[in-house]
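Open the model in your viewer and keep the sequence panel beside it. The tour begins at one residue and then moves out to the chain.

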Amino acid sequence: MTTFVYRAIDSNSNIQVGRLAARDESVLEKKLGMRGLTLIEAKKSFRFLSTSLFEPRFRETDLLNLTYMLQQIVISGISLVLGLEDVVAGGSKKNIAPVFQSLSIGIQSGMSLSEAMQERADIFPSYYVQIIRAGEISGTLEQSLGSLMSYLEWQIEFKKSVRSSLIYPSIVVGFMAILGLILFVFVFPALIGVMATLNTDLPLPTRIIMSISNFIRDYFLPIFCSLAAATVAYRQLVKKADFRQRMDHLFLKIPLIG
């Protein structure tokens, strides 16, 4: 999914400028056409920190709620477009309404539901789209949505159990890191001053600890900023499927932890 900055003209010959996510320019042109706009030009928009960090995250619970609402629309027997527009007009959850609006625009432009979902790869995983496509072809869309709900509920509960089991080790590791930082920044420098007055050769482990302590004390601010920048960069990169796959492969190879 790519975000485009576009210039378009409406029926009154007014120029409009905006941003819209689409797979390519042809899909962007279709989406704008559904809004009564004619595309003039479009450029890919670079987005890294300015939007992705501050946009509300679409969580698995949101996807579960969205799936439930989709299933209710299918069960009700009304058209998908009408059902999606009713949800948007009803002021549903702010994370879900824009997604339903994108699906509605896609379906009105001639796409199937799975194709419209594929345009929002940032929301719908590949397996989700394929199950919806299979349900459309076989005429069992309601059952497909039910299977997705069961899987998402299991996935959410499984992750909750994993997180709860990691809380205690995380707290212990966090306190150990804080204790180590206090030792290297405050305690060891005081001891180094005492040891420096002794005219004796210090053991190698002691000299190594003294060097590490001096390095952390002298470059604490650059180290902190580098760690913060690395954390932000990792959180952005891990959203990409290929990078996430490589990192998962690496983590699984780590002895004991993997």
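**First stop: Ser104**

Select Ser104: its relative accessibility is 5%, so it counts as buried, the cut-off for that class being under 20%. The model you are looking at is predicted.

Now extend the selection to residues 97–108, which form helix α4, the element that holds Ser104. Which residues does Ser104 touch, leaving aside those up to four places away in sequence? Show the side chains of Val81, Leu84 and Glu85, as these are its contacts.

**Second stop: the fold**

Clear the selection and colour the chain by secondary structure. Ten helices and three strands should appear. Following the chain from the N terminus, the order of elements is β-β-α-β-α-α-α-α-α-α-α-α-α. The chain is more spread out than a compact globule, because its radius of gyration is 27 Å, well over the 18 Å that the globule rule gives for 258 residues. Turn the C-alpha trace along its principal axes, and the spans are about 85 × 45 × 30 Å.

Next, display contacts between residues at least 6 apart in sequence: 52% of them join residues at least 24 apart.

**Third stop: surface and charge**

Switch to a surface view. The chain exposes about 17,000 Å², of which carbon and sulfur atoms supply 63%. Of the 258 residues, 28% are buried, and Ser104 is one of the buried residues.

Finally, colour the charged side chains. There are 26 positive and 21 negative ones, and the centres of the two sets lie 7 Å apart.

How values were computed:
Residues numbered from 1 in each chain as written. Predicted model: local features only at pLDDT ≥ 70, side-chain atom pairs only at ≥ 80, totals over all residues. Heavy atoms only, no water. Helix = DSSP H or I, 4+ residues; strand = E, 2+ residues; numbered from the N terminus. Rg over C-alpha atoms; globule rule 2.2 N^0.38 Å. Buried < 20%, exposed > 50% of the residue type's maximum accessible area, 1.4 Å probe, protein only. Contact = heavy atoms within 4.5 Å. Areas by Shrake-Rupley, 256 points an atom, 1.4 Å probe, with all protein chains shown as cover. Lys, Arg positive; Asp, Glu negative; His and termini not counted. Charge placed at Lys NZ, Arg CZ, Asp CG, Glu CD.
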